[in-house]
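Hi there,

Here is the structure I promised to pass on. Have a look at it first, and then read my notes underneath.

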Amino acid sequence: MLLNYEINSLPLEEINFNENRVINTINPHSYCVSKQDIGFEESLKASDILLPDGIGIVWAERVLNKNSIKKIAGHDLFLFLMNKMNKEKGSVFFLGASQETLDKISIKVKIDYPNITFGCYSPPFKASFSDKESKKMCIQVNSFRPEVLFVGMTAPKQEKWVHQFKDQLDAKNICSIGAVFDFYAGNVKRSSPFWISLGLEWLPRFLKEPRRLFYRNFVSTPKFIFYVFKEKLNKQFK
């Protein structure tokens, strides 16, 4: 248990993806956001699998619980499941992003994963969806009945939407992976393996978009460190 969240400690190869599951990721920023957003907190805690997407989560697990776990980013999950579905000739559905981004993804999937049957749908670009819009999104997914549903509508909107409609979605594994849609489409370049191996995947992205990512890195990160040490002190005095 990490700060009241159950964090997955298994490598992807040891997770059973043959059961219906909602899979989300958590990092220091999303943890801090969840402290101010009850709906987001509920959505993350209701995850069947919550992946440690951030070196800060790995560090906190070691500090609080003396557990050694590995970071598993949404991009790692995406690549693992795409390779798995390609080997098994499975089906995948992409829900989210613009039609232009989905068109780019479609072209790449046909080349990179020729054995996958896939579909996609671009919902309206807005902060929240009407009941009619959400119903249409569910219909689009259910008409395809994918083994893997990737949802890319940015956090916390995507996690909250999945939590609300998961029982109406006919998909085996529902994965909220946000920015991965843009990474795979080529809209945004992911940090190189060098920076990732150092635990500094955030740094090149911050240098490219300092204004957008300032709060995430220089406000949420110190807050998260504070929460971790506060929890450690609470444990020591119990």
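To get you started: in which strand is Leu51 found? The answer is β2, which covers residues 49-52. Before going further, please keep in mind that this is a predicted model.

Let's stay with Leu51 for a moment. Is Leu51 buried or exposed? Its relative accessible area is 0%, so Leu51 counts as buried. If you set aside the neighbours within four places in sequence, Leu51 is in contact with Asn8, Ile15, Ile23, Asn24, Thr25, Ile26, Ile72 and Leu77. Take Asn24 from that list: Leu51 and Asn24 are 27 residues apart in sequence, yet their C-alpha atoms are 6.2 Å apart in space.

That pair fits with what you get for the chain as a whole. Among contacts between residues at least 6 apart in sequence, 74% join residues at least 24 apart. The chain has 238 residues, and buried ones make up 48% of them. If you like counting elements, there are 11 helices and six strands. The chain exposes about 12900 Å², and 53% of that comes from carbon and sulfur atoms.

Next up, the empty space. Rolling a probe the size of a water molecule over the atoms shows where empty space is left. How many cavities of 30 Å³ or more does a search of the whole structure find? Just one turns up, and its volume is about 30 Å³. Try picking out the residues that line this cavity: Val22, Asn24, Ser43, Ala46, Ser47, Glu159, Val162, His163 and Lys166. You'll recognise Asn24, which is also one of the residues in contact with Leu51. Strand β1 (21-26) and helix α7 (157-165) each give at least two residues to the lining. The largest share, three residues, comes from α7. Sorted by class, the lining has three nonpolar, four polar and two charged residues.

Last topic: salt bridges. Side chains of opposite charge can pair when their charged atoms come close. The count here comes to six salt bridges, and these are three that I'd look at:

- Glu88 and Lys84 meet through their side chains, with 2.8 Å from N to O. Why might these two be placed to meet? They are four residues apart in helix α4 (residues 74-88), so about one helical turn separates them. Glu88 is partly exposed, with a relative accessible area of 41%.
- Glu41 and Lys45 form another salt bridge, at 3.3 Å from N to O. Both lie in helix α2 (residues 38-45), four residues apart, which is about one turn of the helix. Glu41 is partly exposed at 24% relative accessibility, and Lys45 is partly exposed at 41%.
- Glu19 pairs with Arg21, and their closest N and O atoms are 3.4 Å apart. Glu19 has a relative accessible area of 41%, so it counts as partly exposed. Arg21 comes out at 18%, so it counts as buried, because the cut-off for buried is under 20%.

When you open the model, I'd begin at Leu51 in β2, go on to the cavity lining through Asn24, and finish with the salt bridge between Glu88 and Lys84.

Cheers

How values were computed: Residues are numbered from 1 along each chain as its sequence is written. This is a predicted model: local features need pLDDT of at least 70, side-chain atom pairs count only at pLDDT 80 or more; totals for chains, interfaces and linings use all residues. Side-chain values use heavy atoms; hydrogens and water are left out. A salt bridge is a side-chain nitrogen of Lys or Arg within 4 Å of a carboxyl oxygen of Asp or Glu. Buried means under 20% relative accessible area, exposed over 50%, partly exposed in between (1.4 Å probe, protein chains only). Contact means heavy atoms within 4.5 Å. Accessible areas come from the Shrake-Rupley method with a 1.4 Å probe; for residues, only the protein chains shown count as cover. On a 1 Å grid over the protein atoms alone, a cavity is a set of points where a 1.4 Å probe fits but cannot get out, and a pocket is an open set with protein on both sides within 12 Å along at least five of seven lines; lining residues have an atom within 4 Å of a point. Grid points are joined across faces, edges and corners, and a volume is the space filled by probe spheres set on the points. Ala, Val, Leu, Ile, Met, Phe, Trp, Tyr, Cys and Pro count as nonpolar, Asp, Glu, Lys and Arg as charged, and the others, Gly among them, as polar.
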